[in-house]
Amino acid sequence: MVSDVTGLHEEFGGERLPPGQRETERFPVLSKSGTPGWTPETWEFEVWGAVDEPFSLDYDAFTDLPSVTQRQDFHCVTGWSKFDCEFTGVPFPDIVERAGVRDDAVHVMFHALDGYTTNLPLADCDREEVLFAYEFDGDPLAEDHGGPLRVVTPHKYAYKGAKWVTGVEFLTDPERGYWEKRGYSNTANPWNEERYS
Ligand SMILES: Nc1nc2c(c(=O)[nH]1)N[C@H]1C(S)=C(S)[C@@H](COP(=O)(O)O)O[C@H]1N2
Ligand SMILES: [Mo]
């Protein structure tokens, strides 16, 4: 079953196409430094920091977790939006529950194979639409789009969604990730055009 979450913009009081964006049918690739390699034998997804139960899962164990499929829109800060992307994966709140995230956790840092990081307040990413996605339109996620596993954040510009994600760190104080340290907005709300800081 596919749940349609493309109405998300209503929560933010905006049109489906955020201001200053144009719709594209293509799915461009945007990576800071190319596509990193990975091997199923050594790949691991790790959760640590302000949690009672840190854990790690290999690829098979991760994809055995209960999953959902959602139809979502994707907004890149460089100005393109792609509507109706079908992502299959594990919702962020499921990871929070499994890790036993502590009460003093207020912030999250995502870590990726290419050294990329991105951050969000816990309250901003602890929502059903934030997925750890491993399928796109019913196929395994292409490597240049973040395969084997990426984060998608349809309520934020897409740089908040780490491709090739391998780790989630729960923090007791806010920190900034790769682009957030280099001039892109820390908050990244597309309906408010929060592109730069
Ligand atoms: N690990 C990692 N994740 C990343 C990036 C990156 O360079 N490395 N680029 C970000 C940016 S700026 C965007 S717009 C989206 C692009 O995703 P796409 O290449 O699938 O379109 O991934 C985000 N996640
Ligand atoms: Mo981007």
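In this predicted model, Asp 137 is found in the loop that runs between β9 (131–136) and β10, and its phi is near 50°, a positive value in a residue other than glycine. A second local feature concerns Pro 148, which lies in the loop between β10 (139–140) and β11 (150–152); the peptide bond that joins Gly 147 to Pro 148 is cis, with omega at about 15°. As background to both features, most residues other than glycine have a negative phi, and most peptide bonds are trans.

For residues 35–179, UniProt lists "domain: Oxidoreductase molybdopterin-binding" in an unreviewed entry. Over residues 35–179 the chain is 12% helix and 41% strand, while the C-alpha atoms at the two ends of this range are 17 Å apart.

The bound molecule, ligand 1, takes up the space of the largest pocket. Ligand 1 is surrounded by 21 residues, of which the closest are Pro 28, Lys 32, His 145, Arg 150 and Lys 163. By residue class, the shell around ligand 1 divides into 14 nonpolar, 3 polar and 4 charged residues. Polar contacts to oxygen atoms of ligand 1 include the following.

| Residue | Protein atom | Distance to an oxygen atom of ligand 1 |
|---|---|---|
| Leu 30 | polar backbone atom | 2.8 Å |
| His 145 | polar side-chain atom | 2.6 Å |
| Lys 163 | N or O atom in the side chain | 2.5 Å |

Taken alone, ligand 1 exposes 530 Å², and the protein buries 98% of that area. His 145 and Lys 163 therefore appear in two roles, since both are listed among the closest residues to ligand 1, and the side chain of each also supplies a polar atom, at 2.6 Å for His 145 and at 2.5 Å for Lys 163.

How values were computed: Residues numbered from 1 in each chain as written. Chains lettered and ligands numbered in written order. Predicted model: local features only at pLDDT ≥ 70, side-chain atom pairs only at ≥ 80, totals over all residues. Heavy atoms only, no water. Near = heavy atom within 4 Å. Polar contact = N/O pair within 3.5 Å; in protein donor to acceptor, adjacent residues only side chain to side chain. Areas by Shrake-Rupley, 256 points an atom, 1.4 Å probe, with all protein chains shown as cover. 1 Å grid on protein atoms, 1.4 Å probe; cavity = no way out; pocket = protein on both sides within 12 Å on 5 of 7 lines; lining within 4 Å. Sits in = over half its atoms within 2 Å of the grid points. Nonpolar A, V, L, I, M, F, W, Y, C, P; charged D, E, K, R; others polar. UniProt positions renumbered as here; feature names shortened; annotations may be inferred. Helix = DSSP H or I, 4+ residues; strand = E, 2+ residues; numbered from the N terminus.
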